[in-house]
Structure formats: C-alpha cells, structure tokens
Amino acid sequence: MAEATPALRKPVFTKVNELRPGTNGHSLNVKVISTKTVMQRGGGGGGRPSGPQARQMRIAECLVGDETGIIIFTARNDQVDLMKEGKVVTLRNAKIDMYKGSMRLAVDRWGRVEVAEEATDISVKEDNNLSLIEYELVSVEA
C-alpha cells in the first residue's frame, strides 16, 4: 500500500536583514557581489593517498546581498563554481554560522545553491553588512 506523501510547501523567502545568529532553514534570493577563494586543497597529485582524503576541498568567501543588506556566504566545493560576480542565486535551507563573533551564511549538505531561474536583477544595499556586526556569546546561569 502506497503512503500518501505530504505536499511540498512553497518556500518562505527571507531577506538578508532578517537573519539572526543561530538560525537555519532560510531560503534567500541574493546577488553575488564578490568572491574570494580562501582555501584550495587536494585534487590529485602531491603523493597523497587515494581514497576519501584525496577529495578536492575548496572554500570561498562570497559577499552576497539583496535590497536590505549584505552578508558573507561561505561556499564549499561545487558551490564555489556557482558563485560568479553579478549572478543572482537562490540559497535553500541556508543556516547562520558564527565565525569570530560575526555571522556567516552557509549551505550544508541538506541545502541547495542554484542559479535563480528568473533572470532578476537585485539592487543591493551595500551599507548594511551583517557580517561586520560582532556578537558576544552570553551564557545564561540557571
């Protein structure tokens, strides 16, 4: 007997200025402002052993934004190829990571990065960089 699959929900899109530390499950349409590769490792050669450790590892920090603000998006491996300057991308199931007290947007294996279907252009508000805001970890005593 076939089980009824629940209907897919339409994603609720978040604006950059609504992102908060420690949150996840965000869907955003953002424009790529700049991309900078910060790490490139592996990919054959170099006398390293074959197997899972021989996989290439690439990380790029990309400044992305919309009409409400900008934030740094950490792109990993295949995501780096999609993050071309001037492109509008859709980030699905994105999460907020904290790095040295500031917010970074990331998409792990449970999310998706794709070039937006509609060729929409976003005018980006560049004077509201959420990655420049420093947060302090406050522990609450019980």
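Trainee: How many bridges join β3 to β5, and which way do the two strands run?

Mentor: Happy to start there, and keep in mind that this is a predicted model. One pairing to look at is Thr-74, whose bridge partner in β5 is Ala-106. The strands β3 and β5 run parallel, and the number of bridges joining them is 2.

Trainee: What about β4 and β5: how many bridges join them, and are they parallel or antiparallel?

Mentor: Take Ile-96 as a way in, since its bridge partner in β5 is Leu-105. The bridges joining β4 to β5 come to 5, and the two strands run antiparallel.

Trainee: Which residue takes a positive phi in the hairpin of β4 and β5?

Mentor: Look at the turn of that hairpin, where 2 residues sit between the strands. A positive phi near 50° is found there, and the residue that takes it is Lys-100.

Trainee: Is β5 mostly covered or mostly open, and how many of its residues are buried?

Mentor: Let's take the faces in turn. On one side Ser-102, Arg-104 and Ala-106 are buried, and on the other side so are Met-103 and Leu-105. Strand β5, residues 102–106, is therefore mostly covered, given that buried means under 20% relative accessible area. The buried count is 5 of its 5 residues.

Trainee: Moving on to charges, how many salt bridges does the count come to?

Mentor: The general idea is simple: side chains of opposite charge can pair when their charged atoms come close. Applied to this model with a cut-off of 4 Å between nitrogen and oxygen, the count comes to 7 salt bridges.

Trainee: Which residue forms a salt bridge with Lys-15, and where in the chain does that partner lie?

Mentor: The N to O distance in this salt bridge is 2.4 Å, and the side chain that meets Lys-15 is that of Glu-67. The pair links distant parts of the chain, 52 residues apart, with Lys-15 in the segment before β1 (24–41). Glu-67 lies in the loop between β2 (57–66) and β3 (69–76).

Trainee: Is Glu-114 buried or exposed, and which arginine does it form a salt bridge with at 2.7 Å?

Mentor: Glu-114 has a relative accessible area of 18%, and because buried means under 20%, Glu-114 is buried. Its closest contact in this salt bridge is 2.7 Å between N and O atoms, and the partner is Arg-92. Glu-114 lies in strand β6 and Arg-92 in strand β4, so the pair ties together parts 22 residues apart in sequence. At 21% relative accessibility, the partly exposed partner is Arg-92.

Trainee: How far apart are the closest N and O atoms in the salt bridge of Asp-97 with Lys-95, and which residues do shared partners join into one network?

Mentor: Asp-97 is partly exposed at 26% relative accessibility, and Lys-95 is also partly exposed, with a relative accessible area of 26%. Their closest N and O atoms are 3.6 Å apart. Elsewhere, salt bridges that share partners make one network of Arg-92, Arg-112 and Glu-114.

Trainee: Finally, which residues line the largest pocket, and what is its volume?

Mentor: The lining consists of Arg-9, Lys-10, Pro-11, Val-12, Gly-25, Ser-27, Arg-92 and Asn-93. These divide into 2 nonpolar, 3 polar and 3 charged residues, and β1 and β4 each supply at least two of the lining residues. The volume of the largest pocket is about 250 Å³.

Notes
Residues are numbered from 1 along each chain as its sequence is written. This is a predicted model: local features need pLDDT of at least 70, side-chain atom pairs count only at pLDDT 80 or more; totals for chains, interfaces and linings use all residues. Side-chain values use heavy atoms; hydrogens and water are left out. Helices (H or I, at least four residues) and strands (E, at least two) are DSSP runs, numbered from the N terminus. Buried means under 20% relative accessible area, exposed over 50%, partly exposed in between (1.4 Å probe, protein chains only). Two strands pair if DSSP finds at least two bridges between them. On a 1 Å grid over the protein atoms alone, a cavity is a set of points where a 1.4 Å probe fits but cannot get out, and a pocket is an open set with protein on both sides within 12 Å along at least five of seven lines; lining residues have an atom within 4 Å of a point. Grid points are joined across faces, edges and corners, and a volume is the space filled by probe spheres set on the points. Ala, Val, Leu, Ile, Met, Phe, Trp, Tyr, Cys and Pro count as nonpolar, Asp, Glu, Lys and Arg as charged, and the others, Gly among them, as polar.
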